[in-house]
Each structure stands twice: as C-alpha cells, then as structure tokens.
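Me: I'd like to go through this one with you, a question at a time. Can you set out the terms as we go?

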Amino acid sequence: MCRLVILALLFLQSQIEAFNFSPRASLVIKAPTHLKFQQNQTRSSYFGYTLVIRPTSIIVGAPRAQSTLVSQRNISEPGAIYRCSLLNGECHPYVLDETGNLDVPYNGVTLDSVRHDFQWLGGSMDGGTRDTDKLLVCAPRFYAPGDKDYHLHGICYWVQDTLDSTPKNVFSISPLRVKKEQAVIDEGVNSFNYIYGEMGLSAHVVDYNSKFLIGAPGILRWKGSVILYRKNDNDDTPSASRRDTSSALRRSRRIRSAANEDYEELVATPTGNDDEYFGYAVSSGYFDSANLSTLLYVATAPQANKQSGEAYIFDIKNEKIKKHHVFQGEQFGEYFGYSVLAEDLNGDGKTDVIVSAPQYALEDSHDNGAIYVFINKGFFNFERKILRSPLTSNGRFGTTLSRLGDINHDGFNDIAVGAPFAGNGSVFIYLGSERGLRDKHSQQLDAPSQQASKYGTHMFGHGLSRGSDIDNNGFNDFAVGAPNAEALYLYKAYPVVKVHATVKSESREIKPEQDKVKISACYRLGTTAKDTKIQQQELKIRIAMDTQLKRAKFAQTQTNEMSFEANAGLGEQCRVFEVQVRYSEKDIFTPIDLEMHYELIKKVPESEEFCDTCVAVDPADPKVYQDKIIFSTGCANDVCNADLQLKSKDVSSTYILGSADTLRLNYEITNVGETAYLPQFNVTSASRLPFAQVPGNCKVTEAYMVCDLNRGRPLAKGDRDSLTVSFDVSQLSGLSLIITAEVFSTGREANPMDNRQVNVIGLKEFTEIDATGGQTNAQIDLEHYSNSTEIINNYEIKSNGPSVIEELTLSFYIPIAYKVAGSSAVIPIININSLRIQATYDSQLVNMDIYDQNDTLLLLDAKEVSTTVSGGLERTVITQNGGGYDISASGHIHQTMEVLDTDSVATASMTRKRRDLKALTANREQYARISNVKAHDMLSDDFKDKLPVNRTIVFHCRDPQMTTCIRAEMKVHFRPEKSINLNMRYNVNLNEVNSILMDPWEYFVILSDLELRKKGDPTSTSFAINRRIEPNVIYKHLQARSIWWIILVSVIGGLLLLSAMSYGLYKMGFFQRTKKEELDRLVHQNPGEPEAENLNSNENN
C-alpha cells in the first residue's frame, strides 16, 4: 500500500511540474449522440481519429461513423466530419458530400459510379489553424464498382475556408478514375495501376495553402505515388509541342474553383519497387540550403529498403519524381515512415525532418516505437538522432506526430508524439533547441481515464491537432483525440515566465572589527506574455546564510534564515536586510555562504479548470542563487589593494578545425599585491562555445564559466593558482575564435590592465581526402565482346579530416563521344541512355545531377526517341514524361548527326529505346586524328607502368575541341570519416572502339576525371586529395593471364624431364671418374716414384 501511495505521489508531482500544457484537459468533447443516424453504430466511430483546429472550433474526423443523411441511409459506415465548438463542445455534421451510392453509365473514359460504404471519410485530414486556411479531407477507401472488380480509388474534398458553419463550394479530387489506367502493361506484365490506388491515405496542405500533396500508396502494384494538386502555373507546364499529350491527359486534369482559380491534378509517375507503399505519409518544407525559397516535398515508403523503410525529399517536374535525398530506417519491420513531420527544430531557417517508426523494437520487446530526427545541416546533409520510446510497454510511440509551434517561446519549434497503444494511450511533448529536439520529453500526457471504454482501449493520442492559440494568451494550445473512446481533449498552454533572482552583500568583504553587514535580495520576471496579470506573480523566497558555522544572523529574525513573499514584475525589485556577524580568528579564512531559494507561490493546478492567471516555469531553470562574503584582514587600508595578474600559457595562434573535439587553454594567476579575497576567474568565448568540462570549483551560466580560485581561500601576495579551461569545439566554425578571460577579487585592483586576457585564435581548415576506385567487372577485349558491353565502376571518396567541409562539390567528367573535325557529327562511344549513377553519403542515398558541356541539366531514362532527317541532317528529340527535349537545340551531348562520306572503314551504331538510329560512319582521317592524343600526358604515373603508352589511346575530357563530355555533380556537407560511394555503369560502343584501334594501337582507355571544389577556396589550398582512381581499359586482344595450374604443371614436367635426362647420362657412364682411376692404377704400378707418392699421400695416410 505504501508503495502505491509513493507511486501516486510521484505521478502527481510529474503532472504538476509538467511544462507547459495544463496537466488535465480543459475541455472534453464527446462524439455527438443527439443526432439521428441512419444505421446503428455497432463499433466505435473513431471520432477524434483526425483533427484540424481552428480559432473557435475544431474539425473532427470520424472515419467509421454512420451517416445522418437520408440520401445515405443504405450506406454502412461512410464516415463523417464534425465541426465542434471550442466554447461549449457542441458538434454538428460538416457535410462535404451529400450524395449516396450512384451507378453511372460508362462514358468511355472514366469510371464514375460511386460507392461510399466503409470509405473512411476523415481517414486523413489537414489544414492550417486559421478559418481562412483551406481544409482537405480524404476518404482513402472510397471505391467505384466495375464489371468484375471494385476499384479502390479514394477521394478527397477541399474547401477554400471554414468561415461559415457549413462548408461552401466543396471541390473533389479524384484523378484515379481513368478507365485505361486501372491496369497497364508495366515491364511486360499486365499490372494493377490505379485500381487499388487508395488515394488519400495521407494528405497534406502546404503552409501557404497553394498546394496539396496526397499519398496514394497502392498505385502500380503498390509501388505507390503521390498526387500534387496545385494552382496552375504556366511556368511549370511545358508547352503542348514538348509534351506527350496523351500522357498529359491521362495524368493531369484542370479544375476551376469558385474563386476563378485554375487548379491542376497531377499524378506523379511511380518510382521504386513493388509493395513499397510510397506516399504512406507526406509533408513539405524548405530543405535546400542553396535555395530556401523552393518548396520541396517529403513522402515515405515503409516497406522499401527490404522492409526497413525509407523517406524521400523530392520535387515533381512534368509528373516525374526527382529525389534529392533518401532517409532509411535501421530495423526490419519497424515501419519507418508511418508518420512524417517537416519542421525547423533548431531555428536555423532550414526545415528538419522527423520520421516515426512505431514498431521499432527495444531489447527483448516489440512495438515500442521510436522517432528518427534528421537535423538539416545544409546541401541535403542531415544529422540523425534516434529518440526511442520512453515507455517500456509496446505503445507504438510515434504513431502520430504533430507540429505545435514554439509553445514555450524560447525561439525553437516543438512537437507532440503520440503513443496511442500504451495502455489507454499517451502523448509526449518534445521541445526544440539550438541542436534540435531535446533528448528528454518535457511533458507526458496520459489518457484521462485508466478504464477501458466499451470499445476497448482509448487510443488516446491517435489524433493530434497542430498547435494554435485559442484562448489568446499568446501560447499555443492543442487537442488530442481518443478515437476508441470517441472523444477529444483540449489542452491549453500556460504562459512561461523566467525568474531572475540574486542575493549579494553591499560589500563583498567584512572588515576587521565589523559586526554588521547589509545584503540585498533582488528579483524580477521575464516573459513574452502581454497580459499584465501574467506579468505579476507572487514569489516565495528563502535566504539562508552560513548554514555550517552559523556566524551570521538576520537582525530581524535573529536566525540565519529569512523567508518572505514578494510580488515580482518585469522590473527589478530589491529588499535590503541587516545581518549581524560574529566570528573568531580561526574562521576568517572561510567565507560566509549566501543562498537564495525562490519559487512561484501560485502553481499550475492539478484540475480540469484552467487558471487564467497562472504561469509555468521551465523545470530546467535554476531555483537557487548563491554568493559569498569574505573576511578582509592584513591590508594597509580598509579595502585591500590586490594586484592579480592573468596569463595564458602555450596558446597556439591557429587551430585546425576538426583536429579535436576539445580545445584546452591553460591559465596562470599570480597575486603581486595585497591579499586578494574571494579571488575568482571567469571565461567566455565570442562564439558562445559550450564547455567540455566544468571543474568542481566552477559554475556555468549562459556560456560564461566562473571559478573560485585557490579553493575559495584568499590569495596572499606571491601566491599562484592555475586553471585549465576546456571548450567543446566540435561544432566550431568561422575564421577566428576570441576567448576572453578575467580575474577579480573583492578588493581594489592596483593594475586592472593585467587582469584581463584576450586570445584571438585563427581558425583554419584542412581536410585530407582519399579518392579510390575503378572498374569492378571483368576486363574487356574486342576478341570476345561485340557491338557493346557494360562497364561497372565503384568509387569511394572518403574524408580523413580533420576539418569539416561545409560545401564540397564533387564532379565526375565522363567522355561520351568524339567530335569530328569540320563537322557537327560525333563518334559516339558511351550511350548516355545507359548511364546509371547511384551515390550514397553516410549510408544515405544522394541525388546526382547530370549536365552537358553547356551546363544544361539532362533528362535521363528517356522514354521515347524520335528521329527525323532534314537537309541531310538527322534531328533527335527525346520525349520523357510528356516533355520534349531537342538534342540539337539544347546542346545535349548527342548532337545533330551528319551523314559522312562513303570512304569509311567502320560503322558506328547507337542503340535507342523503341527506335534504331541511322548508321554513323567516320573516315580514316578522323580516326587518325583521335590517335594523335599522347597517352603519356593523360595517364597517371602508376598506370603508365601497366600499359605501353605508345600503343594506348586515351578517351578523356581535357580537350573540349576533341571530345563531348557530361558532368555528374553533387554537393555534400563533407564530414571526417564519412564516405561518398558511387556506383557508375554505362554501355560502350565497341564497334567504334574497334575502328579507332588501328595498328599499332592496342589499348583504349576511358578516363573519367574527378574534380573536387570547396566553396570559398578557389585555389584548393585547404584540402589535399590522394587519388587512386583507375581508368577503364578496353584491350584489342585477349591479355595473357598467368594461370597457376599451368605454371605448376610446367614445373613438375620440367623436373621429371631433368630426372630422366640425368638417369640416361648416368647409365651411359657420364658421371664416372675415369681420370682418377687411371692415376691410381699408375701409382700401384710404380710405388718407388716420389712424385706419385706425394701425389697420393693423403690417400695413404
């Protein structure tokens, strides 16, 4: 029982200290029961599933509600939208579509029959917080019957504003009804396309109301897509001459609103793989740091990346999705991308991204949930942080996300995160900060009732509204839906104040024989609230002095403590107290401690009734102020004349950014004057750097560190002290770092000039970069390959640091074709339509743009190529997604092709999709011109040893008069120990290569140049590149290969042959010593001859 009481008290304390929403709902709105429904509600209507808050009302989605309309009396659970008053909680239907089920004859183009049963109206809904903002409501399970199938198209409705109590001029969005698009031939297979599109599973209204982004995850075998609904902009709409008009009619439709505005429905072409559910959740923001005025979109695909999930930042041009960045989950099945939020969390003007993964599993558990926070560092580089569920249960933390705005007025936007399956449900509030979301939530709101409803657990938190100030106190409120309890709860925000309080002695020294001193207690409030009642708050203040030795007491109370209440306002107020001091000589070296404790008298109440005059204080704010009073002795005058000298030691004048996370400075303090009482040291930096370490004798307040020297004891003449200050420079940038340090004491300074030390440290950048890679597939020789072949290259560009490169531009220059002198014709070597480049940085996919030599952004993956001949010239136009691209007019690398003379030696072929181009020929003079290029000047020193340069032709981009090239380019925020990985593949025209390799040429080298450029460093002096990139080599003949088994057999065979020859010589007597035997015989025949005796003396011994 005692344990339960303790838990209850802890829960109560956490609720009361919650920041800064009311711990209990100020208003509870239940699903309306007074209305006449056409059918009985047999299960929860899910009232509160989706919410859009407005100044005096809230729009509520109930996607399983029965209808109140007579026209829908035979329709089961079509869903309903309600408008509920925030004044009295009354709700009435907000009817967007009064029609019942309809059977409409087929008109040859669209399927116009209607079925509203179980359509989930209100399954998704979005809109701003003003009544003048547009409102978008979707029914993703709306379907149209066909001859054999039900077509789950989905439908959305929107209104211009909610100024009236009932909707006016409702417009519908339903672009998936085109008959011929229900099933299409895709990759040679008859595939479901629009038939199960389920448009409206997610819906988003951009901040300025000009566009809607609607998810349709079921399009094209559940690859998924999005529908962009926008005001028609002629600049974004290609002319009819440059579009495939049949595709345009199929994917785009114009609608005129009541305000005579022209809108366009645009269905984006699906990307990715089957069953990825692209468009499951959608949002938008300003992510491109190079162009923060450009709105880009976000969509998720929870089943992509082998069911670990992905999210994408993208744009839509001519129905084509152009991905700028890819985010990825890390756990299989975590449903990364169930919800997505785009919001600037750190106040730097760039939109950050939060992606939820509600099925993220903690150790030995499941469905705990997590949110991935991606902080935008610029140039589509994001710093990732994972905030895991603070609950131990499987509450599916992150099921819903909502933007609250800056609820505590600290300059950073805040968010709400729903965990609707944690018991009856919970919602967590996370505050933004200079570094993104804080690691810990500031408040937890639990379902008001712990008892299950008649439909089961409440799912409190499955519906979240945006933040909006509905009570005009200047701080955003918000609402929480509990759809399985058929209720919503309004939580109001309390104004935030900051209490500033200090206590100080009028003199920081107590002189000899002094028995009294005066201290001042000062206090004031800081707040952005405009209400004067909020700006005045009662404080409870307690001052404690010298709690250990008790040498001081207040004259008024005759104790060492004083408590009082004060009415604090925006202006500073002070109270002065007389203090009696009594001490002995042994105590004079220990200062008197002063502590001022303060808190609000009127706290946030634990009740449903909202207190209009109450305020909240950030629990992280200090609640105690401390100071000291010292004793002055041994000085010539009443006030000691100290002379503190401050010096920094061994401080380098320059610092290489990134070379360390911590910068340490050593300081030495010397007193050459009279005794310095209560000597202190403070230090700060102009960049307001945080401190990596805070010594025990130091305290930090807003980037200032103040330290007590000599352990709080006086510094006598000649005494010294030293201190090491450690700054956290992991986020440091700029050109210089200014660090200011100062020492002081309670006395006067004889020479104030040497009390202050300013160090200016020049900041420099240097980065060492490794660039490696080359061809990964087998070597290519013209004897075994014909026509064309694919070359695959892998490259890695890695930063070894130490410095971060804020903006690194990486460019690969790839030669495509030779130019023919005196002609506009080209000799194509690489087929640009086969070019595929995939880049990743820090394990995230990064977009690469492709440009031609005229800096024209190229269209790859062409869908159709049409060719015409006029005046002997061949003109090629690529059509892609309805947009035409004239190669000859644009400066595209496939230039206009001239039919050359018949004195030819080879025929070049170019393979195009759907169409073969006319053969292109070149004469011997053209090929001879190509071979004049000196390979020795092109190849690196390492590669010159591998190929004979006098028989090698290098195909390169260093001579624009000779070759036509393209440039693949990307920009990254390049951090140490991070790698850019590129996979590049393309097809090579081997017919042309064979024609170029005339005798004596045997090797054709394709040399792609890598260029790295750093913004602000045109001479590239702040980084070094270690290049080990190998070019692609095509051999005229098969290169001899050393095969180990051939060598082994040869060695063994040689040894056997040597053995056989040796044995034959032995049998022939080749190894017999006949000369020696003959001499021995002569010795035995003439034993008396001395020469013979001497000759064989060794034998005879």
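Reply: Sure, starting with burial: buried means under 20% relative accessible area, exposed over 50%, and partly exposed in between, with a 1.4 Å probe and protein chains only. This is a predicted model, where local features need pLDDT of at least 70, side-chain atom pairs count only at pLDDT 80 or more, and totals for chains, interfaces and linings use all residues. Residues are numbered from 1 along each chain as its sequence is written, and side-chain values use heavy atoms, with hydrogens and water left out.

Me: Is K1036 buried or exposed?

Reply: K1036 has a relative accessibility of 15%. The cut-off for buried is under 20%, so K1036 counts as buried.

Me: Which residue does K1036 meet in a salt bridge?

Reply: A salt bridge here is a side-chain nitrogen of Lys or Arg within 4 Å of a carboxyl oxygen of Asp or Glu. For K1036 the N to O distance is 3.3 Å. The partner is exposed, with a relative accessible area of 70%. That partner is D999.

Me: How far apart in sequence are the parts that R230 and E264 tie together?

Reply: These two form a salt bridge, their closest N and O atoms being 3.3 Å apart. Helices (H or I, at least four residues) and strands (E, at least two) are DSSP runs, numbered from the N terminus. R230 lies in strand β16 (residues 225-231) and E264 in strand β18 (residues 262-267), so the parts tied together are 34 residues apart.

Me: And what are the relative accessibilities of R230 and E264?

Reply: Both ends come out buried: R230 and E264. The values are 5% for R230 and 3% for E264.

Me: Which residue of β28 is the bridge partner of R403?

Reply: Two strands pair if DSSP finds at least two bridges between them. β27 (residues 400-405) and β28 (residues 414-419) pair in the antiparallel sense over five bridges. R403 points the same way from β27 as L401 and G405, and T400, S402 and L404 point the other way. In β28, the partner of R403 is I415.

Me: Where is Q160, and how exposed is that residue?

Reply: Q160 is in the loop between β10 (155-159) and β11 (171-173). Contact means heavy atoms within 4.5 Å, and beyond four places in sequence Q160 has contacts including T132, E261 and Y263. At 27% relative accessibility, Q160 counts as partly exposed.
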